Amino acid sequence: MEHATSAALIFTDGEKVLIEIATGRTFGEFQCDLPKGHVEDGETSIDAVVREVKEETGLNIEDERDSIIFLGKHSYNSSKDISLHLLYVSSLPDINSYYCDSCFKNAFGQSLPEVKSYKYVKLDTLGDYLYHGFTNMIKEEMPEIKKIIDDKDEKVNMTAIFDKVLRTN
């Protein structure tokens with residue numbers, strides 16, 4: 001594999017999942033993503049998840065590091081493996097609260113955010129929206145995800161996390 005990537009599956013009691021719509025894409029079937037990115041030199045996959053979630057959503061989940069669950073490492077495509085992580089929370093902030101600090105340059109040299117918008121979808125429809133590379137990964141991990149939903153008693157309030165981030169920025 002060419003490079004390692006970490007992804008975060010962030011969802012709530014109501015089984016709402018945070019997904020991203022990348023710049024240049026539209027919301028629809030197989031067009032969305034989870035917060036994810038490359039594991040940098042010296043980082044663990046959890047370090048990368050914490051960093052990427054902050055860059056792509058504005059959420060600082062550093063204090064929730066111990067609540068992040070490693071679900072497994074999966075082949076995403078021929079050049080990329082993804083370490084999938086789960087963070088189960090009691091609530092998520094208003095969808096309009098998210099922002100992306102991570103940018104890329106387009107063909108015209110303009111700096112654009114990697115993520116243009118966000119959406120909450122139901123966990124059981126997640127596979128309908130994500131890129132094909134995630135579809136089998138989610139299907140494979142769904143029994144473990146459902147078990148976590150049933151067993152989880154300690155939940156993190158993401159609204160409080162987001163409010164804390166806004167106060168410190």
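**Close-up views of the predicted model**

**View 1. Arg65 counts as partly exposed, at 24% relative accessibility.** In this predicted model, the side chain of Arg65 meets that of Glu62 in a salt bridge, with a distance of 3.0 Å from N to O. Glu62 likewise counts as partly exposed, because its relative accessibility is 36%, a value that lies between the limits of 20% and 50%. Elsewhere, salt bridges with shared partners join Glu40, Glu43, Arg51, Glu52 and Glu55 into one network. The structure as a whole holds seven salt bridges, and the general background is that side chains of opposite charge can pair when their charged atoms come close.

**View 2. Helix H1 spans residues 45-57 and has the length expected of its 13 residues.** At 1.5 Å a residue the helix should span 18 Å, and the separation of its end C-alpha atoms, 18 Å, agrees with that expectation. The buried residues of H1 are Ile46, Ala48, Val49, Val50, Glu52, Val53, Glu56 and Thr57, a set in which Glu52 and Glu56 appear alongside Ile46 and the three valines Val49, Val50 and Val53. Just after the helix, Gly58 takes a positive phi of about 90°.

**View 3. Arg51 and Glu55 form a salt bridge within helix H1.** The two residues are four apart in the sequence, about one turn of the helix, and their closest N and O atoms are 3.5 Å apart. Glu55 is partly exposed, with a relative accessible area of 24%.

**View 4. Glu20, in strand S2, is buried yet has no salt bridge.** Strand S2 covers residues 16-22. The nearest side chain of opposite charge to Glu20 is that of Lys36, 6.9 Å away, whereas a salt bridge would require a nitrogen-to-oxygen distance within 4 Å. Leaving aside residues up to four places away in sequence, Glu20 touches Cys32, Asp33, Leu34, Pro35, Glu56, Thr57, Val115, Ser117 and Tyr118. Of these contacts, Glu56 and Thr57 are also among the buried residues of H1, and Cys32 is buried, with a relative accessible area of 0%.

**View 5. Asp33 and Lys36 are paired in a salt bridge, and both are buried.** Their side chains meet at 3.0 Å, taken from N to O. Asp33 is one of the residues that Glu20 touches, while Lys36, which bonds with Asp33 in this way, is the nearest oppositely charged side chain to Glu20 but remains 6.9 Å from it.

**View 6. Cys100 is buried, with a relative accessible area of 14%.** A disulfide is a covalent bond between the sulfur atoms of two cysteines, and the rule applied here asks for sulfur atoms within 2.5 Å. By this rule the count comes to zero disulfides. Cys100 is accordingly in no disulfide, the nearest cysteine sulfur, that of Cys103, being 6.2 Å away.

**View 7. The whole chain, shown for orientation, has four helices and 10 strands.** Read along the sequence, these elements follow the pattern β-β-β-β-α-β-β-β-β-β-α-α-β-α. Buried residues make up 46% of the 169 residues in the chain. Of the contacts between residues at least 6 apart in sequence, 70% join residues that are at least 24 apart. The chain exposes about 8400 Å², of which carbon and sulfur atoms supply 46%.

Methods: Residues are numbered from 1 along each chain as its sequence is written. This is a predicted model: local features need pLDDT of at least 70, side-chain atom pairs count only at pLDDT 80 or more; totals for chains, interfaces and linings use all residues. Side-chain values use heavy atoms; hydrogens and water are left out. Buried means under 20% relative accessible area, exposed over 50%, partly exposed in between (1.4 Å probe, protein chains only). Contact means heavy atoms within 4.5 Å. Accessible areas come from the Shrake-Rupley method with a 1.4 Å probe; for residues, only the protein chains shown count as cover. The expected span of a helix is 1.5 Å times one less than its number of residues. Lys and Arg count as positive and Asp and Glu as negative; His and the chain ends are not counted.
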